[in-house]
Amino acid sequence: KDLPPGPVKPWRWFQELNDQYGPVVYLQMGRTPTIVLGTAQAAWEILEKKSPVTSSRPRFIMGQEILSNNLRGLMAAHGPFWKRWRRVSSFMQRASDTYKPIQSLESKQLMSELAKTPANYREHLERYATSVVVMVTYGRRVHDIYNDEVVCLNRETQDFLTSINIPGKYLVESVPALLYLPHFLTPWRTAALKQRERDKEYLTRLVNEVQSKMESGRAQPSFCRQLLEDREKNDMGDLEIAYTCSTPFGAGVETSAGSLSSFMLACAAFGPSFIPQAQKELDAVVGPDRLPTFEDFDDLPFIRAIVNETLRWRPVAVLGGTPHSSTEDFVYQDMFIPKGSTIIANLWGIHLNPVDFPDPHRFDPERFMSKRDYPGPWQHSSFGYGRRVCPGQHLASNSIYINIARILWGFNLGKARDENGQEIDVDTFAYTDGFNSVPLPFPISITPRSPGHVVIIERENEAAQEELKAYDL
Ligand code: HEM
């Protein structure tokens, strides 16, 4: 049975509340006080500057305690378990430069796929994002997102998690005493425990595969290999390693692919206002004989501005990712914030605040061409705050940069045309309702800029495929 209707895109409702009551709004959700932050400044003051007391997570009884046996760091409260998980996960952040070769090779395949079957652009973006994450995690590639076993099993887990992590869906979230009822009275628990057994089996199997590759000297460097090598030093058990390896998939695939998809949507909706300038910059810096690289980054300020504007314009982690929770009472601008409050940084409201971003629904990279008065290192808030800030932020922005640079170098993008040659409009508000909000499918025209560009794309992809063979052993 479906739940009764309610606000399906709560970020819009939160934005209205912030417009009405101010940047910090208090809501009573069940027994938990909930604070919704609606401006970059308030979110920075509360989640970054007060990070020592605002970096925990609310209790997720279904998603964390029952389904995940308390082993998923992303939903873990601030404490020793989370600290260890965060320390090993920050390896993604520290080592982000070492993944650039993988990202570059996979992006060459993406370019070739876009040249061959542009209508399937969404599938190609997802394959790119999935393969990068699985390579970084387990040191092996993903060729086909529909049939790859790791991908199918992980997707099943993610779908299950999304289906149960809905506030208000389960009474036990607000009445934890229900946990003491016998199992035969709690069918909701049975389904989650079944999924937990499936998760344990395949997550352990994936780690065992890496272990046996290590034994036969075939294991590529990867997050999993690192965790196995440091097992003693980190004092991590088998199951903890297995679940830790599942983090990048849950946090990194839909977010990266969804952001690139938003970039495509911006091209269809606003292309003529920024693509010519981007191509002029690319032609001057890169020229026609090679694809852009990571080394070009410093010389491509307008491309960098497009990356930032993509992350701002339609923030994929639209509610700021997983909510924070406060571990002490504190006062912010004469407002009392009680210990145990759930704190949500509504990125939809923050990024579409006309005070910081005038005409906010317009995709306009010019906003990022000069430094503005905005808190934080990125000039936007897409990666969250404080001790919980996204550890995949560099990996993610590198993926977005390299693909945006190459796509604009190689292709003209714009509105698709119908059978009568009329341009088909796109709806820049047609986004999914889930935990991450990504564009619903939309038509777009993607055509190579010249036959010469296609020759370069194919030549570079052929060389990339040779190098990528090492990851299929
Ligand atoms: C465009 C892509 C991405 C966006 C917009 C994004 C955004 C976010 C946001 C907003 C948060 C919540 C921060 C907070 O609680 O304040 C987060 C957390 C996280 N992200 Fe990302 N992310 C992206 C890609 C990735 C990738 C590629 C990875 C890993 C490979 C990753 C790993 C994580 C993890 C592990 C956390 C949880 C951190 C914690 O609870 O301590 N993310 N991300």
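**Exercise 1. State how many strands form the open sheet, give their order, and identify the strands at its edges.**

Solution. In this predicted model, an open sheet is built from 4 strands, and their order is S1-S2-S6-S3. The pairing within this sheet is mixed. The edge positions belong to strand S1 (24–29) and strand S3 (324–325). Each of these two has a single partner strand, so one side of each is left without a neighbour in the sheet.

**Exercise 2. Describe the pairing of S1 with S2, and find the bridge partner of Val25.**

Solution. Strand S2 covers residues 32–37. S1 and S2 pair in the antiparallel sense, over 6 bridges. Within S2, Val36 is the bridge partner of Val25.

**Exercise 3. Determine which helix lies across S1, S2, S3 and S6, and at what angle to S6.**

Solution. The helix is H2, residues 40–49. Strand S6 spans 342–345, and H2 runs at about 140° to S6.

**Exercise 4. Assign the residues of strand S7 to a covered and an uncovered face, then describe how S7 pairs with S8.**

Solution. In a regular strand, side chains alternate between the two faces of the sheet. Strand S7 comprises residues 411–414. Phe411 and Leu413 make up the covered face of S7, whereas Asn412 and Gly414 make up the uncovered one. S7 is joined by 4 bridges to strand S8 (residues 445–448), and the two strands run antiparallel. The bridge partner of Gly414 in S8 is Ser445.

**Exercise 5. Locate Thr322 and decide whether Thr322 is buried or exposed.**

Solution. Thr322 is found in the loop between helix H14 (301–313) and S3. Burial requires 20 or more other C-beta atoms within 10 Å. Thr322 has 20 C-beta neighbours inside 10 Å and therefore counts as buried. When residues up to four places away in sequence are not counted, Thr322 touches Arg57, Leu74 and Met75. Thr322 and Arg388 are 66 residues apart in sequence, while their C-alpha atoms are 9.4 Å apart in space.

**Exercise 6. Characterise the shell of residues around the ligand: its number of residues, its helices and its division by type.**

Solution. The ligand is surrounded by 29 residues, of which the closest are Gly252, Gly321, Gly384, Cys390 and Gly392. At least two residues of the shell come from each of helix H4 (80–89), helix H13 (247–285) and helix H16 (393–410). H13 gives the most, with 7 residues. By type, the shell divides into 14 nonpolar, 13 polar and 2 charged residues.

How values were computed
Residues numbered from 1 in each chain as written. Predicted model: local features only at pLDDT ≥ 70, side-chain atom pairs only at ≥ 80, totals over all residues. Near = placed C-beta within 6 Å. Nonpolar A, V, L, I, M, F, W, Y, C, P; charged D, E, K, R; others polar. Pairing = 2+ DSSP bridges. Contact = placed C-beta atoms within 7 Å. Axes fitted to C-alpha atoms, helices over the stretch in contact; angles between N-to-C directions. Buried ≥ 20, exposed ≤ 12 C-beta atoms within 10 Å, placed from the backbone.
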